[in-house]
Every structure is written in C-alpha cells, then in structure tokens.
Amino acid sequence: MRRVVDIGRRIELVPMDPHFNDISIGLYRQNTNHGHDTPVFLVHTYSRISGAAERIEAVVEAMQVLGGLLKNGDGLLHFPCNSLHEAACRRVFLEACKLASDTPAEPRPLNILDKKSKLTITVDSIGEGVYRVSAEGERRGAARRVSAIAGGLAKLGEMETVETDNRDTVAFACGESHDALVGLLLTRAPNVRIVLREEEMGAGRGVLSAPSQQT
Ligand SMILES: [Zn+2]
C-alpha cells in the first residue's frame, strides 16, 4: 500500500458509504504534484476493513468516467486541463460514491428531460470550454428555464456566465472542454437550489471553502 505522507485538506466527505459497510470516504485536495502546480485529489478512507481499498479504487474509477478526471501514477486524480475545478470535483465524488462497486459508471449525456418544465434540455459544447444550453420546442417560459439551468451549471461547476441575450451560455475559465463533467452537473442543475441547500446543511461534514478562497 502507498504510504500517505500528507493526505491534504479534506474538501468533501461521505460519512457512511451505503455500498460498503458504512465506511466513511473523504475527498482530499493536495496542492502540488511532485513540484508541479497541478491540483490533485485523493480519495481516502481510514477504514481498515478488508475490501476497503477495493471500494476506494472503484470510486476512483467511477470518478474518471463520470467527471473525465485522470489518474496519475500515485493514484491521485486531476482534470486534464490541470485546473482545480474543486466544486465540480466534489460533485463528481458524491455521485461516484452513490454507485455500487459492481455498477459500471457511464458518462451522462448532454441532455436531460427537465421534470419541472417537461422540456428536453440540451447542452452543446461550442469549443474552448464554452457551453450553450437550449430547450427543444418553443414553449412559453422555455427561455427563462434555459437561463435558470445555465445558471445552475455555472454555480455547480464554478463556471462563468457568458454575456448573451438569452443568458444561456456558460464557460470554464480554463478554456477547455469538460463534456463528461457538464453531463454530470446537468443532472443536478435544474434543482440547484435544493442541491446548494443540502450542501449548506451538510457543511459540518466537510470543510467547504468559498469560491473566493480557491485558486
Ligand atoms: Zn478545466
């Protein structure tokens, strides 16, 4: 087993993993990767139950599929663009922990049926990290729903809002595409208020930092 010298700062916690003996699993952020300035993430449990290491490995694998994260030689995760995307990574971690180890993770599509408006919402990648949200059909209120969902993506993924007439376009500051990540965030974007309230209520679980404190 790899010797963990400094596991870093915990940024998210699943206190009881329903898929493996109720162990707690933490997501940790480390600042450096062998002297390079690549933010990296560690999935870790203090549990010594037999099989815990395999469970952690399954979560790490799922995060790669669901969030498009890469794993380095030390088993640490990072985004291909080498940007932090900490809030997004926390979401990927929480979703990965919801999957049982024997459930194959699949990247989420870039469209969903929005239950509230009954509209099919699609997100198009238009390059350089820019994503445009649209709704199928010309229903009343569709434009407002589209901009609300775009706002949800921006909040959950710490994306920037691009100034457009319809407020339907958001972008990653890194300027690179993250399709898997956007698909995952899209499943939660329509309920962003509920998601953020849940996070607030659970804030005692992990150490959550304001976006302004992030680099
Ligand atoms: Zn990026």
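The following exchange concerns helix packing, one sheet and two loop residues in a predicted model.

Reader: What makes helix 4 mostly covered?

Author: Of the 8 residues in helix 4 (residues 179–186), 7 are buried. A residue is called buried when its relative accessible area is under 20%. The residues of helix 4 that meet this cut-off are Ala180, Leu181, Val182, Gly183, Leu184, Leu185 and Leu186.

Reader: Which elements cover the buried residues of helix 4?

Author: The cover includes helix 1 (52–67), helix 2 (86–97) and helix 3 (142–157). Strand 6 (111–114), strand 7 (119–125) and strand 8 (130–135) also belong to the cover. Helix 4 lies across these three strands, strand 6, strand 7 and strand 8, and runs at about 160 degrees to strand 7.

Reader: Why are helix 3 and helix 4 called roughly perpendicular?

Author: Their packing angle is about 115 degrees, and their axes are 10 Å apart. The range for roughly perpendicular is 65 to 115 degrees. Helix 3 and helix 4 are therefore described as roughly perpendicular to each other. The crossing of helix 3 past helix 4 is right-handed.

Reader: Which residues of helix 3 and helix 4 meet, and what is the class of each group?

Author: From helix 3, Ile149, Leu153, Leu156 and Gly157 meet Val182, Leu185 and Leu186 of helix 4. This contact comprises 6 nonpolar residues, 1 polar residue and no charged residue. Glycine counts as polar in this scheme, and Gly157 is one of the residues in the contact.

Reader: Why is helix 3 described as roughly parallel to helix 5?

Author: The axes of helix 3 and helix 5 (residues 192–201) cross at roughly 25 degrees and come within 10 Å. An angle under 35 degrees counts as roughly parallel, so helix 3 is roughly parallel to helix 5. In this contact, Gly152, Lys155 and Leu156 of helix 3 meet Val192, Val195 and Leu196 of helix 5. By class, the contact has 4 nonpolar, 1 polar and 1 charged residues. Lysine is classed as charged, and Lys155 is among the residues of helix 3 that take part.

Reader: What makes strand 6 and strand 9 the edge strands of the sheet?

Author: The sheet is open and has 5 strands in the order 6-7-8-10-9, with antiparallel pairing. Strand 6 and strand 9 (160–162) are its edges, since each pairs on one side only. From one strand to the next, the twist averages 30 degrees.

Reader: How do you know that strand 7 and strand 8 are paired?

Author: Pairing requires at least two bridges between two strands. Strand 7 and strand 8 are joined by 5 bridges and run antiparallel, so the requirement is met. As for a particular bridge, Asp124 has Arg132 in strand 8 as its partner. Helix 3 packs on the sheet and touches strand 6, strand 7, strand 8, strand 9 and strand 10 (169–171). The direction of helix 3 makes about 145 degrees with that of strand 8.

Reader: Why is Asn82 called partly exposed, and why is His85 called buried?

Author: Partly exposed lies between the 20% and 50% limits. Asn82 has 36% relative accessibility and therefore counts as partly exposed. His85 has a relative accessible area of 10% and is therefore buried. Asn82 lies in the loop between strand 5 (77–78) and helix 2, and His85 lies in the loop between strand 5 and helix 2.

Reader: What is notable about phi in Asn82 and His85?

Author: Most residues other than glycine have a negative phi. Asn82 is not a glycine, yet its phi is positive, near 65 degrees. His85, also not a glycine, has a positive phi of about 45 degrees.

Technical notes. Residues are numbered from 1 along each chain as its sequence is written. This is a predicted model: local features need pLDDT of at least 70, side-chain atom pairs count only at pLDDT 80 or more; totals for chains, interfaces and linings use all residues. Side-chain values use heavy atoms; hydrogens and water are left out. Buried means under 20% relative accessible area, exposed over 50%, partly exposed in between (1.4 Å probe, protein chains only). Helices (H or I, at least four residues) and strands (E, at least two) are DSSP runs, numbered from the N terminus. Contact means heavy atoms within 4.5 Å. Axes are lines fitted to C-alpha atoms, for helices over the stretch in contact, and angles run from 0 to 180 degrees between N-to-C directions. Angles under 35 degrees count as roughly parallel, over 145 as roughly antiparallel, 65 to 115 as roughly perpendicular and the rest as oblique. A crossing is left-handed if the near helix is turned anticlockwise from the far one by less than a right angle, and right-handed if clockwise.
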